[in-house]
Amino acid sequence: MVPDINHRKMNQQKHIAIVGATGAVGIEMLNCLAERKFPVSKLTLLASARSAGQTRNFCGEEITIKELTHDSFEGIDIALFSAGGGISLEYAPSAAKAGCIVIDNSSAFRMDPEVPLIVPEINPEAAKSATKNIIANPNCSTIIALMALFPLHQKFGLKSVIASTYQAVSGSGAAGITELEQQNRLLVEGKEITADDMNVYPVQIASNVIPHVDVFLENGYTKEEQKMLFESQKILQLPELKVTCTCVRVPVYRSHSVSITAQFERPVDVAIAKASFANQTGIQLKDDPDNNLYPTPLDTTCKNDCLVGRIRKDQVLDKALTFWVVGDQVKKGAALNAVQIAEIL
Ligand code: A2P
């Protein structure tokens, strides 16, 4: 039987594991644990057999990476998973069975009704219902969008969302970064980009934008676009919330941006909307267009907070606001959010 998270007694200091420790998010998880001085008694780094034996530095200590197996989780309190959905589906149940709490960055368990889906600034109390010992970290664009939408929802009551994302290549992991670097290099050298240079994206990403993130579904949306709908409904506990989204990959290395038009139950006011961000941790206002001050991906890269700007009353829909929100998707959209969840346990 899986031990109950609510009644488990945990020491102050915790034995933490990172599954996917060599990946873009895994590396950032290591940084976040150190930056936030998380009380780590021991750190276990897990990856594939390819990386076993390599070392990574954590707070001055060299830690040897081990190969992930079903027996990796004995004695571990919390395992931060970021090695893809397939690995989570296969190994998270073994970790949970060993009494470890899994915080999973993949989409594998997000819509499981027995798995809480948490943004700590929004629904930390959901952690109490982790009856399977698994907690899911939401999709990166969804986290960033909700960081801005949540304070507005509290003021005006959220009804519907129309969004377009501008997603950085690091959202595709280390391979996405390498692909953009390689294609940029070829362009600078005046060389042709061929099919051999396109392993992650179906078309060229350098000097281009691609309206395709994740797989296409029967209804014409992509899976990534539907995550924004279903995950927002679950996190905000708004089953009637309507969301339409177009997810776009852009040749930016880090930080996702989201353009949002949100419609509310009650009349909106731009000054009140702006003031609502002052009381919300994790989001800051950068909104002075007269002085060319608005959030860009470079502003949030390697930062914890999301930035919101370009806030205006929408001129098409009633009781609606249009705005722009940007956040580092490797940090707040993944690693930091996972570590924050570990902090509230
Ligand atoms: P490895 O580097 O050993 O392949 P990213 O999303 O940045 O591509 O990172 C994926 C992460 O998932 C890496 O740390 C990678 O480790 C890890 N990973 C991939 N396949 C496996 C596997 N079969 N077992 C354990 N970890 C894996």
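Ala 24 is a good place to start: one of its backbone N or O atoms lies 2.9 Å from an oxygen atom of the ligand. Keep in mind as you look around that this is a predicted model. Next along the chain towards the start is Gly 23, where a backbone N or O atom lies 3.0 Å from an oxygen atom of the ligand. Arg 50 takes part through its side chain instead, with an N or O atom 2.7 Å from a ligand oxygen. If you widen the view, you will find 15 residues surrounding the ligand. Thr 22, Ala 24, Ser 48, Arg 50 and Ser 51 are the closest of these.

Now step back to take in the whole protein, which is divided into two domains. Domain 1 is made of two stretches of the chain, 14-137 and 335-344, while domain 2 covers 142-329. Taken over C-alpha atoms, the centres of the two domains are 25 Å apart.

How do the two domains meet? On one side, 18 residues of domain 1 are in contact, and on the other, 19 residues of domain 2. Together the domains bury an area of about 1500 Å² between them, and carbon and sulfur atoms give 63% of that area. Three residues deserve a look here: Leu 117, Glu 121 and Ile 122 supply 34% of the area that domain 1 buries against domain 2, more than any other three residues.

The interface has polar features too. Two salt bridges are found across the interface of domain 1 and domain 2. You can also look for five residue pairs in polar contact between the two domains. On the side of domain 1 that touches domain 2, helix H1 (24-35) and helix H8 (331-344) are the elements that give two or more residues. Helix H1 gives the most, with three residues. Sorted by type, the residues on this side of domain 1 are eight nonpolar, three polar and seven charged.

Finally, let us follow the salt bridges through the protein, where the count comes to twelve. In one salt bridge, Glu 343 pairs with Arg 36, and their closest N and O atoms are 2.7 Å apart. This pair links distant parts of the chain, since Glu 343 sits in helix H8 and Arg 36 in the loop between H1 and strand S2 (40-47), 307 residues away. Another salt bridge to find joins the side chains of Arg 110 and Glu 231, at 3.0 Å from N to O.

Conventions
Residues are numbered from 1 along each chain as its sequence is written. This is a predicted model: local features need pLDDT of at least 70, side-chain atom pairs count only at pLDDT 80 or more; totals for chains, interfaces and linings use all residues. Side-chain values use heavy atoms; hydrogens and water are left out. Domain bounds come from an automatic or database domain assignment. Contact means heavy atoms within 4.5 Å. Buried area is the accessible area (1.4 Å probe) that two parts lose on being put together, summed over both. A salt bridge is a side-chain nitrogen of Lys or Arg within 4 Å of a carboxyl oxygen of Asp or Glu. A polar contact is a pair of N or O atoms within 3.5 Å; within protein, one must be able to donate a hydrogen and the other to accept it, and residues adjacent in sequence count only if both atoms are side-chain atoms. Helices (H or I, at least four residues) and strands (E, at least two) are DSSP runs, numbered from the N terminus. Ala, Val, Leu, Ile, Met, Phe, Trp, Tyr, Cys and Pro count as nonpolar, Asp, Glu, Lys and Arg as charged, and the others, Gly among them, as polar. A residue is near a molecule or strand if one of its heavy atoms lies within 4 Å of it.
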